[in-house]
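Visitor: I would like a close look at a single part of this chain, with enough of its surroundings to understand where that part sits. Could you take me through it step by step?

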Amino acid sequence: MRPGMVPKLACSDPILLDRSPRHTQSIRYRWIDRYHRSFRQAIRYRSRRQAMPHGGFSGNLTSPTLDLAVDMGHPFLNRTVDGFIKIGTVGACKVAAEETFECLHKDMHPGDVSKHKVEHALKKMCKEGAYWGTIAGVYVGVEYGIDKIRGHRDWKNAMLGGAVTGALISAVNNHQRHKVVKNAITGGAIATAAELLTHLSS
């Protein structure tokens with residue numbers, strides 16, 4: 001072999017030896033077609049995943065805000081479950097604070113706290129948390145529905161959502177008609193006040 005010459009590789013494959021423009025263009029079209037098929041498969045897979053119901057949640061507790069992201073596959077379910085969890089937690093903490101205050105107020109020693117009292121406190125926390133969470137979930141769901149119907153978000157949505165929630169909760173508790181109306185008015189007033197305070201603080 002002469003100096004400076006590149007040795008030729010021994011190859012007997014006619015496909016690799018074929019360097020004609022037509023053969024090169026065929027290989028290029030083959031790769032493009034393969035890429036398009038892979039891209040279409042990825043699009044179909046993503047569409048199926050979006051169509052399938054899925055759920056999950058993640059949270060982050062940082063003062064002074066409580067960040068909890070809930071994904072149930074639909075905005076209505078996301079808002080309802082998010083309201084139930086957050087407000088239910090507030091109700092349970094309220095009971096825990098009351099029970100702790102009762103223990104401190106009565107000057108009870110650590111040995112005086114019996115298993116029955118602890119179980120009673122836990123049951124009360126769960127019951128109060130579920131009650132608060134249910135009210136919040138119903139209110140958030142009703143307000144979301146009113147928002148979608150009216151196509152506008154303002155204090156009127158909160159007022160109507162609070163009134164409907166108050167009436168529903170009162171009716172479920174087998175209250176009389178005048179009591180249901182009073183609770184509807186109270187619910188609407190509280191929800192409107194909370195909405196106005198939110199806009200004042202923002």
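Guide: Of the 202 residues in the chain of this predicted model, buried residues make up 20%, and the surface that the chain exposes comes to about 15900 Å², with carbon and sulfur atoms supplying 63% of that area. The chain has six helices and two strands, and, read along the sequence, these elements follow the pattern α-α-β-β-α-α-α-α. If we take the contacts between residues at least 6 apart in sequence, 48% of them join residues at least 24 apart.

Within this framework, one pair of helices can be described in some detail: helix α3, residues 75–105, packs against helix α4, residues 115–150, at an angle of about 150 degrees, and their axes are 6 Å apart. The crossing in which α3 passes α4 is right-handed, and the residues of this contact divide into 15 nonpolar, nine polar and six charged.

The single part to look at closely is asparagine 157, which has its place in helix α5, residues 155–172. Asparagine 157 counts as buried because its relative accessibility is 0%, and the cut-off for that word is under 20%. When its neighbours within four places in sequence are left aside, asparagine 157 is in contact with Glu143, Ile146, Asp147, Arg150 and His152. Among these partners, Glu143, Ile146, Asp147 and Arg150 fall within the residue range of helix α4, 115–150, so that this buried residue of helix α5 touches the helix that also packs with α3.

Conventions: Residues numbered from 1 in each chain as written. Predicted model: local features only at pLDDT ≥ 70, side-chain atom pairs only at ≥ 80, totals over all residues. Heavy atoms only, no water. Axes fitted to C-alpha atoms, helices over the stretch in contact; angles between N-to-C directions. Helix = DSSP H or I, 4+ residues; strand = E, 2+ residues; numbered from the N terminus. Left-handed = near helix turned anticlockwise from the far one by under 90°. Nonpolar A, V, L, I, M, F, W, Y, C, P; charged D, E, K, R; others polar. Buried < 20%, exposed > 50% of the residue type's maximum accessible area, 1.4 Å probe, protein only. Contact = heavy atoms within 4.5 Å. Areas by Shrake-Rupley, 256 points an atom, 1.4 Å probe, with all protein chains shown as cover.
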